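I opened this one to see what sits around the ligand, then went through the fold and the odd spots in the backbone. My notes follow.

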Amino acid sequence: MAKLLEGRPVAEKIKAQIKLSVQSLGRAPVLASVLVGANPGAAAYVRAQEKIALELGIAYKLHQLPENIPEGGLIDFILKLNADKPVNGIILQMPLPQHLDYKKISESIAPKKDIESMHPCTPTAVMELLGSTGIDLYGKEVVIVGHSQIVGKPLTLLLLEKFATVTVCHIATSKAGRLEEHVRRAEVLIVAVGQAGLIKGQWIKEGAIVIDVGINRVADKIVGDVEFEAAEKRASYITPVPGGVGPLTTAILMRNLVEAAKLQQ
Ligand code: NAD
């Protein structure tokens, strides 16, 4: 039976380090959070971020902008935040309304204030969780399912830095009927797709470490991409969903903010 690889205990350690860094800064770092419209998902992230910022002595400034703001208007707003000296970090809450191009807008954030891409938060959270198991990734067979810009691709580079042997699967792997064979040989399996039950429990190699990044709502419950009950019987470690990668992501965002504030000093 797998050990649960929970995000909160790792997040608590990171938060303790952040508190010390904030103290040594001598002032509260300022995080500007830009929320466009009234998306319930984005509002939930904002609440979680506000809570953790308060706990860590970080000044969280929420800017709520109207749903129908034109792209140029939003970019101008971000440029003002770039120029606003006391602001150390800027985050753009996702998802944005349909008419706004995330890539274009996020590229207007000054690199030194772009705390989301500084050290990408979710891939870093996955690396922290793996680190907490004590596993040496050198030469390990790691299989990532999902090759998105925000998770799969940056994670591949982080794992290569640790000399893991990395295979990246995606939609075409499934279409070619080869997902199962890759998953079956994974000593470390990381799944970030967004499809409940995509990874069958019986595919998990005995003793594998399973990190489930997926977040899916199924009949009012939040579940990951891996069949948890069956996978838990075979894995050595497995992240719960919720409670795995998620809680760590916000802690890493705040760590990036404090790092940015230090660099700006
Ligand atoms: P995305 O939609 O950008 O990418 C999905 C990936 O899955 C692509 O590589 C695609 O090719 C692949 N894919 C789709 N169907 C597949 C299939 N049948 N078989 C194999 N691969 C398939 O997704 P994303 O933004 O990376 O998010 C993925 C999931 O992770 C979502 O559930 C999202 O909510 C979650 N997520 C969680 C966190 C967190 O902090 N916990 C952060 C980001 C994303």
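**Ligand, polar contacts.** First a reminder to myself that this is a predicted model. I started with the ligand and looked for side chains that reach it with polar atoms. Thr249 has a polar side-chain atom 3.1 Å from an oxygen atom of the ligand. For Ser148 I got 2.5 Å between a polar side-chain atom and a ligand oxygen. Gln195 goes to a nitrogen atom of the ligand instead, with an N or O atom of its side chain 3.3 Å away.

**Ligand, burial.** How much of the ligand does the protein bury? Alone, the ligand exposes 870 Å², and 74% of that is buried by the protein.

**Ligand, shell.** Next I asked which elements give two or more residues to the shell. I found α8 (171–175) and α11 (246–264). The ligand has 21 residues around it, and those that come nearest are His147, Ser148, Ile171, Ser174 and Ile215. Ser148 is thus on the list of nearest residues and also puts a polar side-chain atom 2.5 Å from a ligand oxygen. I sorted the shell by residue type and got 10 nonpolar, 11 polar and no charged residues.

**Domains.** I checked the domain assignment, which gives domain 1 as 24–112 and domain 2 as 121–246. Their C-alpha centres are 29 Å apart.

**Sheet.** I traced an open sheet of 6 strands, paired in parallel, and wrote down the order β1-β11-β8-β7-β5-β6. Why do β1 and β6 each have one side without a neighbour in the sheet? β1 (3–4) and β6 (165–169) are at the edges and have a single partner strand each, so one side of each stays unpaired in the sheet. For β1 I looked up the pairing with β11 (residues 237–238), which is parallel and runs over 2 bridges. Lys3 is opposite Tyr237 of β11 there.

**Salt bridges.** I count 10 salt bridges in the structure. I picked out Glu180 and Arg184, whose side chains form one at 2.8 Å, N to O. Both are in helix α9 (residues 179–184), and because they are 4 residues apart, about one helical turn separates them.

**Cis peptide bonds.** Then I went looking for backbone oddities. The bond from Met94 to Pro95 is cis, with omega near -5°. Pro95 is in the loop between β4 (87–92) and α4 (102–106). I noted another cis bond from Val241 to Pro242, with omega near 0°. Where is Pro242 placed? I found Pro242 in the loop between β11 and α11. That puts the loop between β11, the strand that pairs with β1, and α11, one of the elements that give residues to the ligand shell.

**Positive phi.** Last entry: Phe163 is not a glycine, yet its phi is positive, about 65°. I located Phe163 in the loop between α7 (152–161) and β6, and β6 is one of the edge strands I noted above.

Conventions
Residues numbered from 1 in each chain as written. Predicted model: local features only at pLDDT ≥ 70, side-chain atom pairs only at ≥ 80, totals over all residues. Heavy atoms only, no water. Near = heavy atom within 4 Å. Polar contact = N/O pair within 3.5 Å; in protein donor to acceptor, adjacent residues only side chain to side chain. Areas by Shrake-Rupley, 256 points an atom, 1.4 Å probe, with all protein chains shown as cover. Nonpolar A, V, L, I, M, F, W, Y, C, P; charged D, E, K, R; others polar. Domains from an automatic or database assignment. Pairing = 2+ DSSP bridges. Salt bridge = Lys/Arg side-chain N within 4 Å of Asp/Glu carboxyl O.
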